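Take a look at the model below. Keep the sequence at hand while reading the report.

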Amino acid sequence: MMNLDFLSDVQRKAVTTTKGPVLVLAGAGSGKTSVLTNRVAYLIKEKGVSPASILAITFTNKAAREMRERIEKLTGAAAGDIMISTFHSMCARFLRYDADKIGYDRNFTIYDSADCKTVLKRILSDKQLESNILTPGRCMSVISAAKNACAKEAPENYIEDVCEGYSEDMKAVYHAYTERLRAENAMDFDDLLLNMLRVLEEDPKTRSYYTNKYEYVLVDEYQDTNSVQYALVKILSEKHGNIFVVGDDDQSIYAWRGADIRNILDFEKDYQDTTVIKLEQNYRSHERILDAANAVISKARERKGKTLWSARKEGPKPRVYTAPNEYAEAEFVAKEIDRLVREGKSYADISVLYRMHTQSRVLEEKLRTYGIPYQVYGGQSFYERKEIKDMVAYLTVLENEQADTAFLRIVNTPKRGIGEISIEKLRNYAQERGMSLIDAMEYAEEFIGSGASGKFSGCIQVFRDIREMSEGKSLGEQMEVVFNASGYREMLLLQDSTEAETKIENIEELINSAYTFEKQNPEATLADFLASISLISDMDTTAEEGSVTLMTLHSAKGLEFDTVFLVGMEENVFPSRRSIAEDKVDEERRLCYVGITRAKQLLYLTNCASRNLYSGSNENHPSRFLDDIPEGMLDILAAPAPVRRAKEPKQTVVFKPQIEFKPQVKADSASFAVGMEVEHTKFGRGAILSISGEGTQRVASIKFPDGERKMFLSFAPLKIVE
DNA sequence: CAGTGATGTGTTTTT
DNA sequence: CACATCACTG
């Protein structure tokens, strides 16, 4: 018998109620993952359910991976056969088999949002529709929203409703975009879900295959599902009816991406005889933190209503600090981290959370000054770098010749003397004949002079070479062929700059990841590899040991830290300007709740009296969320600086930053050696006593005037003294 | 066709 | 302020 004694009564009920629909309303830190994983283990070990008939869906690859690992620990190797996947990868995998049923080739390409924006940009400029309202970004969100709503309403009607005044243009863009992707045998993220739904709706055989196969369906973060995901879940569970969803309406923060909070609020109406289980005991934080969290969330309008409580009654109250500006705020954060670490916390225990990525810059600057190792999540991802996207574009064209968007990206990279005008002629020619650009190149003489058509022959030759040389090769080898035969490596070598060198390193890292991928998935095809690249983000990388974590509040969901700094608690920052303007503050409120409940032990809430937003400085009022927490629950570290009376001399703790942004000449971490004399921007001169570790983890013990310190060589602002 | 400098523009969150 | 796009020159 499986031992479930470590679970609470309600948790155990959630694990062992295996039949019929179950809705688990799981507050933050209430042991939801434990319930989910133990339930799967229970199904297999106690109920004799075959692993292959279990489908568990998450929202991030990281969550999926962690769930698999934990289930493996509980059940052993059998976990390999369970389908544990994100909505998007699940659909991508299904569609590799089923895409032909709705008229796609099974080797379809997945375009990420950057690719889609490129497509839209081209459509807008072709149709001469570019304007302030019709920007690629805005079109993208309208189209995405229309597709997400599509399980309820026809996209045309949706656009009509939403784009009052310019809906005709918008519809034209929508159709052109849809046709383009179809012609390129490509799908965007939304299409993955939507097309899978269509397959299930239109092909009864496929539908019964999947609905028979999956006897138990589990969905994590159900509050984040949109209408298409809702419909998918509904269909996939229709045969056996064992649908188990876990979520927290208070943590619904993706409405802007089409998530519909009604999905969780109405679950009981949608599924007859639902067992509802509430997990309200929090095992993560102490009561002082939960008090603050409850104070903030209790003002949200629409809730199922839950109150988190913890058995841990005592702990430090959340600390509030008001800085004069964002530099002082960052300085405060860095100083506190430095102090906490000296008191025994480790860097990995600490996280700094902000509303938007741009806030990380100042923080990074200060953390570097203090020699604090950190890791920033999100922002520009590895796979979004130009050189990586270029390499991926070559592979995409290799796999799917219809992928014009990918082709256009690299037709003249490296430079082959093919300019805009030639490309324009090529596009027209291809358009008229309904052929792909790469095929149209063969007929260059028909639409362009002999000089320019020679350039195209050169390009044709490049692709031919790549194809010939990569014939029968493995993924990693194919990638190397592309890097060399495309002339990309040569181009970078010729630039002979440090930037070019990093680009080469990045591409080599990509090649490495291809080798790793094929080792881990021996059956995998090029299309699979490309799909994994477009669906895996930096968010999925595991935390580096020994670093402070910097990330947005959105990406912090599902994580926990001993100490959390929630910075930028100001009106117009958090809640964001836009959410205030559009009357969508409730979602920000939930986001704040998510942020607060990440902290296990120590929580800091900081804000600035003034902040440089775009140009010039803005005086910002403290966030309404701060006001919502009764003062007695907080530990106010500095009196809030007066906002209105700016002329008054600034009282209290005005920070004197010890070092103002000195551009730092930082030595390469490999060049340090024991015995060297070095200079630190903050601690002054010192001597290296010893060095251990490798790469970014290389740590040196250094004797400074005020004592001995250990620091990461790759992070510390150190200079070698000659 | 490519590379340079000037002008303008627009800002959240992400699978 | 950072970034993209545009116009101009080589």
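The report covers the DNA surface, an annotated region, two helix pairs and some backbone features.

This is a predicted model.

**The surface around DNA strand B**

Start with the protein residues that surround the DNA. There are 26 residues around DNA strand B. H88, R355, G419, S422 and R578 come nearest. By class, the surface near the strand has nine nonpolar, 12 polar and five charged residues.

Which parts of the strand face the protein? Of the atoms of DNA strand B within 4 Å of the protein, 56% belong to sugar or phosphate. The rest belong to bases.

Three polar contacts with the strand are set out here.

| Residue | Protein atom | Atom of DNA strand B | Distance |
|---|---|---|---|
| F59 | polar backbone atom | sugar or linking oxygen | 3.0 Å |
| H88 | polar side-chain atom | base oxygen | 2.9 Å |
| R257 | polar side-chain atom | sugar or linking oxygen | 3.3 Å |

Two elements give two or more residues to this surface: α19 (420-433) and α27 (553-556). Helix α19 provides the largest share, three residues. H88 deserves a second mention: it is listed among the residues that come nearest to DNA strand B, and a polar atom of its side chain lies 2.9 Å from a base oxygen.

**An annotated region**

The unreviewed UniProt entry lists residues 276-303 as "coiled-coil region". What does the model show there? Over residues 276-303, the chain is 39% helix and 21% strand. The C-alpha atoms at the two ends of this stretch are 15 Å apart.

**Two helix pairs**

Take α5 (residues 113-126) and α6 (residues 136-149) to begin with. Their axes come within 9 Å and cross at roughly 115°. That angle makes α5 roughly perpendicular to α6. The crossing of α5 and α6 is right-handed.

Next come α15 (residues 326-342) and α16 (residues 360-369). These helices pack at an angle of about 45°, with their axes 9 Å apart. Is α15 parallel or oblique to α16? The angle makes α15 oblique to α16. Helix α15 passes α16 in a right-handed crossing.

**Backbone features in loops**

Most peptide bonds are trans, and most residues other than glycine have a negative phi. Some places in this chain depart from that pattern.

The peptide bond from T413 to P414 is cis, with omega near 0°. P414 sits in the loop between α18 (404-410) and α19. Helix α19 is also the element that gives three residues to the surface near DNA strand B.

The peptide bond from F574 to P575 is cis as well, with omega near 5°. Where is P575? P575 belongs to the loop between β15 (561-566) and α28 (577-581).

N185 is not a glycine, yet it has a positive phi of about 55°. N185 lies in the loop between α8 (167-183) and β5 (186-187).

Terms used
Residues are numbered from 1 along each chain as its sequence is written. Chains are lettered from A and ligands numbered from 1 in the order in which they are written. This is a predicted model: local features need pLDDT of at least 70, side-chain atom pairs count only at pLDDT 80 or more; totals for chains, interfaces and linings use all residues. Side-chain values use heavy atoms; hydrogens and water are left out. A residue is near a molecule or strand if one of its heavy atoms lies within 4 Å of it. A polar contact is a pair of N or O atoms within 3.5 Å; within protein, one must be able to donate a hydrogen and the other to accept it, and residues adjacent in sequence count only if both atoms are side-chain atoms. Helices (H or I, at least four residues) and strands (E, at least two) are DSSP runs, numbered from the N terminus. Ala, Val, Leu, Ile, Met, Phe, Trp, Tyr, Cys and Pro count as nonpolar, Asp, Glu, Lys and Arg as charged, and the others, Gly among them, as polar. UniProt positions are given in the numbering used here, feature names are shortened, and annotations may be inferred rather than shown by experiment. Axes are lines fitted to C-alpha atoms, for helices over the stretch in contact, and angles run from 0 to 180 degrees between N-to-C directions. Angles under 35 degrees count as roughly parallel, over 145 as roughly antiparallel, 65 to 115 as roughly perpendicular and the rest as oblique. A crossing is left-handed if the near helix is turned anticlockwise from the far one by less than a right angle, and right-handed if clockwise.
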